[in-house]
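Trainee: I'd like a close look at a single part of this structure, the largest pocket. Could you walk me through what lines it and then show me how it sits in the rest of the chain?

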Amino acid sequence: MGGGHELVAGRRTRAPVATSLVDRLVTGIAVGTFSPGERLPPERELAEQLGVSRATLRQALQAVADLGLIEVRRGRGGGSFVSSASWEHVAPDTARRTLEVELPRLRDLFDYRCLVEGMIARAAAERRTADDCSSLREALEDFRSARSMIDARAIDRRLHGLVCEAARNPHLTTLSAHLTAEATLGFGAEPYEPGFLDEARHQHEELVGHIVRGEADAAGRCAQAHFALTLETMRASLRRVSGAVGGVGARPDVPARH
């Protein structure tokens, strides 16, 4: 049974790992982890990130491409790109089903992540240097002027990487990266709902301000609230995808824990 397939009733079906990965990729697109026109990470990097073989990843990407949600381009500048097709028309139930399973399971992880990120922000406020402050202000200004979700997510990663650098502890940086991957279906990129972008801008301004001014306790509280936004974004996505399939069986009321 090569190629990650099983033979069932005379036809080939996707193996369980590939099927699960298809569900995650579709859900990542639905919740805004990836935006239309965005290029997915290179195959080798994405496979390692998601803990699957490249063969399994290729199979899953082809299945998502068959749905019309990504375009695979060959040659120089090629790769897998999120298409402009609406997931709501082809796979809303996939996203809903995945979120209904994942959100209750991740509740305690989100709580842990908020506590850790609060600790990192407090350390950053206590240990930041003048160079750290300058870099954080620059990243904040770039985030304010971001013109697309793709740009906003990239700058978001940069800004929080700078906060980790200011905390001056590589173990905290590694832990933050691990928790980010665990909390984002393995993709390591925050999901962005359009309605939450303004709130993220405001919270980034507060967080950077507290760190620059050395307000450790306030920075910690701000970071905890800010990282809870990812859970709120995913809950909003569940409400939206539930609406796309008529709300049957939806459980959008997964409680946030701060």
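**A look at the largest pocket**

Mentor: Let's start with the pieces that build the wall. Four elements each give at least two residues to the lining of the largest pocket: helix 2 (43-50), helix 3 (54-66), strand 3 (70-73) and strand 4 (79-82). Of these, helix 3 brings the largest share, with 3 residues. Keep in mind as you turn it around that this is a predicted model.

Now the space itself. The largest pocket holds about 320 Å³. Its lining is made up of 15 residues, and the ones closest to its centre are E43, V72, R74, G79 and S80. Try finding E43 in helix 2 (43-50), V72 in strand 3 (70-73), and both G79 and S80 in strand 4 (79-82). What kinds of residues make up the lining by class? There are 6 nonpolar, 4 polar and 5 charged residues.

Next, zoom out to see where those elements belong. The chain has 10 helices and 4 strands. Going along the sequence, the order is β-β-α-α-α-β-β-α-α-α-α-α-α-α, and strands 3 and 4 of our pocket lining are the β-β pair that comes after the three α in that pattern. Contacts across the chain reach a long way too: among those between residues at least 6 apart in sequence, 74% join residues at least 24 apart.

How much of the chain is tucked away? Of its 258 residues, 50% count as buried. The accessible surface comes to about 12400 Å², and carbon and sulfur atoms account for 50% of that.

For a buried residue to click on, go to T233 in helix 10 (residues 216-244). T233 counts as buried because its relative accessibility is 2%, under the 20% cut-off. And who are its partners? Leaving aside neighbours within four places in sequence, T233 touches V31, P191, Y192, E193 and F196.

Two cysteines make a good last stop. C133 has a relative accessibility of 7%, so it counts as buried. C222 comes out at 8%, so C222 is buried as well. As for disulfides, the structure holds 0 of them.

Terms used. Residues numbered from 1 in each chain as written. Predicted model: local features only at pLDDT ≥ 70, side-chain atom pairs only at ≥ 80, totals over all residues. Heavy atoms only, no water. Buried < 20%, exposed > 50% of the residue type's maximum accessible area, 1.4 Å probe, protein only. Contact = heavy atoms within 4.5 Å. Areas by Shrake-Rupley, 256 points an atom, 1.4 Å probe, with all protein chains shown as cover. Disulfide = S-S within 2.5 Å. 1 Å grid on protein atoms, 1.4 Å probe; cavity = no way out; pocket = protein on both sides within 12 Å on 5 of 7 lines; lining within 4 Å. Points joined across faces, edges and corners; volume = space filled by probe spheres on them. Nonpolar A, V, L, I, M, F, W, Y, C, P; charged D, E, K, R; others polar.
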